[in-house]
Structure formats: structure tokens, C-alpha cells
Amino acid sequence: GKAKIIYATDDPDVLISYFKDDATAFNAQKRGQITNKGIVNCKVASHLFQLLEAQGVKTHWLDTPSEREMRVRAVKIIPLEVVVRNLAAGSLCKQTGLALGTVLTPPLVEFYYKNDDLGDPLLTRDRIRVMNIADEAQINELIRLAEKINTILQTFFQRCQITLVDFKLEFGLGQMNGILLADEISPDTCRLWDQAKSDQVDRVLDKDRFRQDLGHVAEAYQEVLQRILGQVSRN
């Protein structure tokens, strides 16, 4: 993949996800590297998966055998990106005219088709059903899980003095465990704003620093990791 390499193991139900330093944006039209991004994202995702597991969200995470490797359950990925938006940013602002930072009440849950050739288009519930990607019950479950995950992560990041602006989730179908949260949750897949900073550029702690050439990308990722580790150590 763009950010990870998936390796088979002796157990067909278990895979190794290796986190790379490669960075892409705009459907891989922009490419680069972020120093130690793989290490940071692996650690961040591992901690957040464990946080979610402890509160009843089933994930594909099993353990983290090394700083760049995550052992995960094998799943059949549902080809949808489930995006949860708490504040308006990115494509939502461009497509709707909403001002950056507009609070969305309730949070907005959107579905995008995981297909680079088509540009990952926004899908309606009806289109998801017509394309046989998911049935009505599965769509409802994805929304329920996304909203639950958002509530848990918002509370956690608030304690880290970080605003969770929006984030992308991916889910898969497990052998016996139904729908599982998969992929990763990290500065690659979230918009995160530093609550201690008021400047629009300085507050960005996520991949927007890479997308928009804001600089200090690796430092921002490290800051997110350190705040998460600091919060975990207090609990």
C-alpha cells in the first residue's frame, strides 16, 4: 500500500502490517517521505486501537511486536472510507462554502468509495447499496461504530489538548468477529489541531502540513505521539 506493507504469517488469519515513512497526498499525485512517520503512526495507532478495544470497539489489532510492525487479524476490507467530521475543513469547505472550523452539530459521517482511479468519490447510501458494497444493516452499523469511535476519540484528544477536526476510518469483515475497525488511526488519517496555538498554520499537527507544504511535518507527528504517550501514562 501507499503507507504500509502487509505480510503474511504462518497463520492465515494473522497478518503483519509494516508502517513505512512514505507519504502521499491527493490520491498519490504528491509523494514524499516524513522522517520516522512509520514509527510514530504505528505507535499512535496501537495506543488508539487499545483505547477503543477497552471501550468495546472491535479492531483488527492484536499486538505490536516492533516499533514499525503491528500484528493484525486478517479481514476483507469494505471498500469504503468512512469520514467523520466535527469541524468543517478540507474538501467539505471547498465543496460547500462552509468556513474553515465551522462546528458541525451533530458530527457529519460520510462515505467515500476506495478507488483511486475514480478519485475516491463521495457516495450516498443508495449508491452503496446499488454497488453491492454494503447492505442497509451494514451501513447502519458503520455509522453507529463511526459515531461511537468519534465520541471516544474526541474525549481522549481533548485530554491531550488536541482538537479532533475530522478523521478517516476503514473497516473489514473478520472471520467470526463481524465488522472490525482496520487500517490505522494516526496523523495520516486525522486532522488534529493544537489547542495551545491560535495561528491557523501553527496549530496543524497532521498530514495537512505535508499536503500544504507547511514545514515541520515530522515534528508535528512527534508532538501528537508525545501527547498521547503522556496521556496514556496518566491513566
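Colleague: Which strands does helix α1 lie across, and at what angle does α1 run to β5?

Modeller: In this predicted model, α1 lies across β2, β5 and β6, and it runs at about 145° to β5.

Colleague: What is the order of the strands in the open sheet of 4 strands?

Modeller: The order is β1-β2-β6-β5, and the pairing is antiparallel. On average, neighbouring strands of this sheet are turned by 25° against each other, direction ignored.

Colleague: What makes β1 and β5 the edges of that sheet?

Modeller: Each of them has a single partner strand, so one side of β1 and one side of β5 (61-66) are left without a neighbour in the sheet.

Colleague: How do you know that β1 and β2 count as paired?

Modeller: Two strands pair if at least two bridges are found between them. Strand β1 (residues 4-8) and strand β2 (residues 14-19) share 5 bridges in the antiparallel sense, and therefore they satisfy the requirement of at least two. As an example, lysine 4 stands opposite phenylalanine 19 in β2. A hairpin of 5 residues joins β1 to β2.

Colleague: What joins β2 to β6, and which residues stand opposite each other there?

Modeller: Strand β2 runs antiparallel to β6 (residues 69-73), and 5 bridges join the two. Among the facing residues, tyrosine 18 stands opposite glutamate 69, and isoleucine 16 stands opposite arginine 71.

Colleague: Let us turn to the helices. Why is the packing of α1 and α4 called oblique?

Modeller: Two packed helices are described by the angle between their axes and the distance between the axes. Helix α1 (residues 37-54) and helix α4 (residues 136-159) pack at an angle of about 120°, and their axes are 11 Å apart. The range from 65 to 115 degrees counts as roughly perpendicular, and angles over 145 count as roughly antiparallel. The angle of about 120° falls in neither range, and therefore α1 is oblique to α4. The crossing of α1 and α4 is right-handed.

Colleague: Which residues make the contact of α1 with α4, and how do they divide into nonpolar, polar and charged?

Modeller: On α1 the contact is made by Leu48, Leu51 and Leu52, and on α4 by Ile149, Ile152, Leu153, Phe156 and Phe157. The residues of this contact divide into 8 nonpolar, no polar and no charged.

Colleague: Why is threonine 151 called partly exposed?

Modeller: Threonine 151 lies in helix α4. Buried means under 20% relative accessible area and exposed means over 50%. The value for threonine 151 is 49%, in between these limits, and therefore this residue counts as partly exposed. Threonine 151 and proline 107 are 44 residues apart in sequence and 9.9 Å apart in space, C-alpha to C-alpha.

Colleague: What makes glutamine 161 and aspartate 213 notable in phi, and how is each classed by accessibility?

Modeller: Most residues other than glycine have a negative phi. Glutamine 161, in the loop between α4 and β11, has a positive phi near 60°. Aspartate 213, in the loop between α5 (208-211) and α6 (217-234), has a positive phi near 55°. With a relative accessible area of 49%, glutamine 161 is partly exposed. Aspartate 213 has 61%, which is over 50%, and therefore aspartate 213 is exposed.

Colleague: Which peptide bond is cis, and what is its omega?

Modeller: The bond from threonine 105 to proline 106 is cis, with omega near -5°. Proline 106 lies in strand β9 (residues 103-113). Most peptide bonds are trans.

Colleague: What makes you call strand β11 mostly covered?

Modeller: In β11 (residues 162-173), 10 of its 12 residues are buried.

Colleague: How do you know which strands pair with β11?

Modeller: At least two bridges are needed for a pair. Strand β7 (residues 76-77) has 2 bridges to β11, and β8 (residues 80-87) has 4. Strand β13 (residues 190-194) pairs with β11 over 5 bridges, and β12 (residues 179-182) is joined to β11 by 4. Each count therefore meets the requirement of at least two. Each of these strands runs antiparallel to β11.

Colleague: Which residues stand opposite each other in these pairs?

Modeller: Isoleucine 77 stands opposite glycine 172 in β11, and valine 84 stands opposite phenylalanine 167 in β11. Isoleucine 162 stands opposite aspartate 194 in β13, while the bridge partner of glutamate 170 in β12 is alanine 182.

Methods:
Residues are numbered from 1 along each chain as its sequence is written. This is a predicted model: local features need pLDDT of at least 70, side-chain atom pairs count only at pLDDT 80 or more; totals for chains, interfaces and linings use all residues. Side-chain values use heavy atoms; hydrogens and water are left out. Buried means under 20% relative accessible area, exposed over 50%, partly exposed in between (1.4 Å probe, protein chains only). Axes are lines fitted to C-alpha atoms, for helices over the stretch in contact, and angles run from 0 to 180 degrees between N-to-C directions. Angles under 35 degrees count as roughly parallel, over 145 as roughly antiparallel, 65 to 115 as roughly perpendicular and the rest as oblique. A crossing is left-handed if the near helix is turned anticlockwise from the far one by less than a right angle, and right-handed if clockwise. Contact means heavy atoms within 4.5 Å. Ala, Val, Leu, Ile, Met, Phe, Trp, Tyr, Cys and Pro count as nonpolar, Asp, Glu, Lys and Arg as charged, and the others, Gly among them, as polar.
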